[in-house]
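I am opening a notebook page on how two chains sit together. I want to write down what I looked up, in the order in which I looked.

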Protein chains: 2
Amino acid sequence: MSRYRVAVQVVPRRGLLDPQGKAVADALHTLGFGGVAAVHVGRHLVLDVDAADEATARRLTREMCERLLANPVTEDFEIAEVASS
Amino acid sequence: MSRYRVAVQVVPRRGLLDPQGKAVADALHTLGFGGVAAVHVGRHLVLDVDAADEATARRLTREMCERLLANPVTEDFEIAEVASS
């Protein structure tokens, strides 16, 4: 049993409204950052997972994303990194 | 002027309380994912920035993080990627 540090990114599905991103973009424009064309806001999760091997840690994380961490209707997730820790 | 896609991760500073991460870890335990030792929840931002070159896009993004995107007291940010788009 080893401990793995897994980084996951959960982002609003492309094409769906992203009101939080729009609000951040508007605030940046107000602050004078006129070169910002668009902002998308998602979640960055870092999980410390105990698993037999890296493949198991990855599979467990995928299950967690499907069952809790990401909204399957509006969000996509990506397992960005699995590192032994 | 080119458009750059910049990915930024904003995470709670290590050592500070992360109540959202604690709540997610507890929920995962309740769902049967006992192997999850800890969860940290941060934000994943993707910005489309118009800038003269990549270094400028990176500098602008750093300024945006310092002025709006990250809380300087409780959060750290990392510019994960700058890609021409």
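Entry 1, symmetry. I looked up how the copies are related, and a rotation of 180° with 0.0 Å of shift along its axis superposes chain A on chain B, with an RMSD of 0.0 Å; the fit is by least squares on the C-alpha atoms of residues with pLDDT of at least 70 in both copies. The two copies are thus related as by a two-fold rotation axis.

Entry 2, ground rules. I note that this is a predicted model, in which local features need pLDDT of at least 70 and side-chain atom pairs count only at pLDDT 80 or more, while totals for chains, interfaces and linings use all residues. Residues are numbered from 1 along each chain as its sequence is written, chains are lettered from A and ligands numbered from 1 in the order in which they are written, and side-chain values use heavy atoms, with hydrogens and water left out.

Entry 3, the interface. How many residues of chain A are in contact with chain B? I find 32 residues of chain A in contact with 32 residues of chain B, where contact means heavy atoms within 4.5 Å. The copies meet through the same surface, because 100% of the interface residues of chain A are also interface residues in chain B. The area buried between the two chains is about 2800 Å², and carbon and sulfur atoms give 65% of this area; buried area is the accessible area (1.4 Å probe) that two parts lose on being put together, summed over both.

Entry 4, who contributes. On the side of chain A that touches chain B, the elements giving two or more residues are strand 1 (2-12), helix 1 (19-30), strand 2 (36-51) and helix 2 (54-69) of chain A; helices (H or I, at least four residues) and strands (E, at least two) are DSSP runs, numbered from the N terminus. Strand 2 of chain A supplies the largest share of this side, 15 residues.

Entry 5, strands across the interface. I then followed strand 2 of chain A, which pairs with strand 2 (residues 36-51) of chain B in the antiparallel sense over 13 bridges; two strands pair if DSSP finds at least two bridges between them. R43(A) has R43(B) as its bridge partner, H44(A) stands opposite G42(B), and V41(A) is partnered by L45(B).

Entry 6, strands within a chain. In chain A, nine bridges join strand 1 to strand 2, and the two run antiparallel; there, V6(A) has L47(A) as its bridge partner. Strand 1 (residues 2-12) and strand 2 of chain B also pair in the antiparallel sense over nine bridges.

Entry 7, salt bridges. Between chain A and chain B I find zero salt bridges, whereas the count over all chains comes to 14; the rule asks for a side-chain nitrogen of Lys or Arg within 4 Å of a carboxyl oxygen of Asp or Glu. R5(A) forms a salt bridge with D48(A), the closest N and O atoms being 2.9 Å apart. R5(A) lies in strand 1 and D48(A) in strand 2 of chain A, so the pair ties together parts that are 43 residues apart in sequence.
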